Amino acid sequence: MRRLGMKIATGQTSAWREMTAATMVQVLMSAALSGVLSAQAPLATLNIQVDKPAHQVSPTLYGLMTEEINYSYDGGLYPEMVRNRTFQEHGFGGMAHWNIEHGGSSDATMSFDTTEGPSAALPASLLLEVKQADEANQAGIRNEGYWGMAVRPNTTYKGSFYAKAASGDIGSIRVALVGDTSGKEVATATSGGLSSEWKRYEFTLSTGKVEPSSENHLLLTVAHPGKVWIDLVSLFPPTYKGRDGGFRTDLMEMMAGMHPTFLRLPGGNYLEGDQIDERFDWKNTIGPMVGRPTHRSPWNYQSSDGMGLLEFLEWTEDLKIQTVLAVYAGYSLKGDHIHPGPALTPFVDDALDEIEFATGDSSTKWGAMRAKLGHPAPFPIKYVEIGNEDWFDRSGSYEGRYAQFYKAIKAKYPQLELIATAPLKRMKPDVLDDHYYKRADEFFADVKHYDTIDRNGPKIFVGEWATREGSPTTNMGAALGDAAWMTGMERNSDLIVMASYAPMFVNVNPGGMQWESDLIGYDAMTSYGAPSFYAQAMFAEYLGTEVPTSSVTGGGDRFFYSVTRDPGKGTVYLKLVNASSVAQPLEIDLAGGSVANTGTLVSLAGTNLAETNTISAPSRIVPVKSELKNLGEKFKHTMPPYSVQVLEMRGK
Ligand code: AHR
């Protein structure tokens, strides 16, 4: 997390300095009229009984949720640079994101051939028919990438493709990364001579001293006439922790900065698909890429399935977090469902196989498959979720579907906790997944939602939630809504075992977003966090292990707080939210435990609710860390308008 306190302060000062005297008078008058200069919210008095824990904090309270939406994986976390690598997406006039390239006097055409492909999963391919070409006049195909291809200096990119030539006369394929604006080749490679059987060819492209830029494309060309079929063209940059076929480094680092404890995977709507045969059919997502048929995401684009089940699990391994495995439960988004009973049995069996793939040792069928794919060690799993948002299933079949999955899974894996995605009448699930997408004001009004919920019911997983204000990523107003809601979740973290914001990712390029108000935005080259991203990172970093008894009197109606403590460290964490346009004065009374005179203040503040971070201004609103002074059993503190703060108070 970057701390830019000085930068922000300097920026504000210079903005004021630039004002003319007349503007200054206007600003002062309107500020005085709106009361901004003098007004503050009523004093809030917080009484915290440090040594009287009300309950424990769930250690897994904050986690992650993503799915293939907003180009989260393809064009995002899965750093494949070649877009539509298996040619299944068709746009205006042909294969989307691919074009023919004729250098000089060469002559060639490209078409989609459904009769030739490298595998049963990929039965079609691109056919390049070259009538004329030579060394100096090459013909081939060009890929534009996911809104460009990020190229950095002194970097090696690993590539591969499948090809089959009509005859060996066509020679080899030349590969080049080319600058869009300069037309200059920044790296080149040549494959071995093509054979008349389907074969996989590997290459590396190494850059030298080039300017970092995403304005690049990939060229595959030949220097002889002939016919060649091409498929599964891939180019990968270096990945997080160097994992082969792994994840985009900056996005992994951002997620790590959120201090998550789990990942809910693989969705969301993405788990269900619009139709049953468009579900996340996990068995089609494992093994070599050439065996993955790819499938349509309900967010209206083809998923490469480069992020298959094993990749998801490796992602949790790389971040050292738990997996919350959601299994397809026989209901898809457009309303098709499988009746409980024999028709559902194959889907239940699929879920059992999936759990075995993730958790079984090498003596089990699917555990052995995972080992064969390069990961002998089982992944630890505690929670399995049955479906997604099954309250949409108006047929009423969920009760029976859940019961059938529950019985079969518990019989084989009694230790697993099973999550229901809709309330049940006939049985109590271990955990219930609640979803909330709201405006900030709605979250403020609902912040006590869980205070009075029956503690004898199921535990709660807030598996999707977000304040939906701001686009593509959320603004300061949303961060305040989120932070207020998090105070409520922490206060009720005896009941709420886990919570995950959604959606997390958005590719901010035109056409990249299907769902507004996301947490982390990116293009091919860079990424940034919304103010809400930082609010969440702050809450998760200073989680604490127990909630002491506390009460508040006074305070504005947009003031919210949560207090936790870590007795092992002797630390008290006070999280404060001032969602009003005026300062919030506080008097804090800590009984039953003394704190050191100094502590740490982490502060996230905006000038107004619409203020936000963007891809070109990524650090307008970021947490600023400073020293807290004059702490004691009783002390005063004033929050700036529109702010989220954490006070870390260490024991004496
Ligand atoms: O997070 C976006 C979508 O919202 C999820 O796919 C779905 O579960 C919910 O309706």
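The structure, which is a predicted model, holds 3 cavities of 30 Å³ or more, and the largest of these encloses about 110 Å³ of space. Besides the cavities there is a largest pocket with a volume of about 840 Å³, and 5 strands of the chain form an open antiparallel sheet. The points below take up the cavities, the pocket and the sheet in turn.

**Cavities**

- The lining of the largest cavity is made up of 14 residues, and those that lie nearest its centre are D74, N84, E89, Q302 and S304.
- When the residues around the largest cavity are divided by class, 3 are nonpolar, 7 are polar and 4 are charged.
- The second largest cavity has a volume of about 100 Å³, and the residues that line this second cavity include L271, R279, F280, D281, W282 and Y328.
- Two elements, β18 (322-327) and α6 (345-359), each give two or more residues to the lining of the second largest cavity, and α6 gives the most, with 4 residues.
- The class composition of the lining of the second largest cavity is 8 nonpolar and 4 charged residues, with no polar residue.

**Largest pocket**

- The volume of the largest pocket is about 840 Å³, and of the 32 residues in its lining, R200, F236, D244, G245 and M289 are the closest to its centre.
- Elements that give two or more residues to this pocket's lining are the strands β9 (156-165), β12 (199-206) and β14 (226-236), together with the helix α5 (309-319), and β9 gives the most, with 5 residues.
- The lining of the largest pocket comprises 12 nonpolar, 11 polar and 9 charged residues.
- At least three residues of the pocket lining come from each of domain 2 (62-80 + 244-427 + 461-541) and domain 3 (90-236), with the domain bounds taken from an automatic or database domain assignment.

**Antiparallel sheet**

- The open sheet has its 5 strands in the order β5-β8-β13-β10-β11, with antiparallel pairing.
- Because β5 (98-102) and β11 (185-190) stand at the edges and each have a single partner strand, one side of each is left without a neighbour in the sheet.
- On average, and with direction ignored, neighbouring strands of this sheet are turned by 25° against each other.
- Within the sheet, β10 (residues 174-179) pairs with β13 (residues 216-222) in the antiparallel sense over 6 bridges, and V175 stands opposite L220 in β13.

Notes. Residues numbered from 1 in each chain as written. Predicted model: local features only at pLDDT ≥ 70, side-chain atom pairs only at ≥ 80, totals over all residues. Heavy atoms only, no water. Pairing = 2+ DSSP bridges. Axes fitted to C-alpha atoms, helices over the stretch in contact; angles between N-to-C directions. 1 Å grid on protein atoms, 1.4 Å probe; cavity = no way out; pocket = protein on both sides within 12 Å on 5 of 7 lines; lining within 4 Å. Points joined across faces, edges and corners; volume = space filled by probe spheres on them. Nonpolar A, V, L, I, M, F, W, Y, C, P; charged D, E, K, R; others polar.
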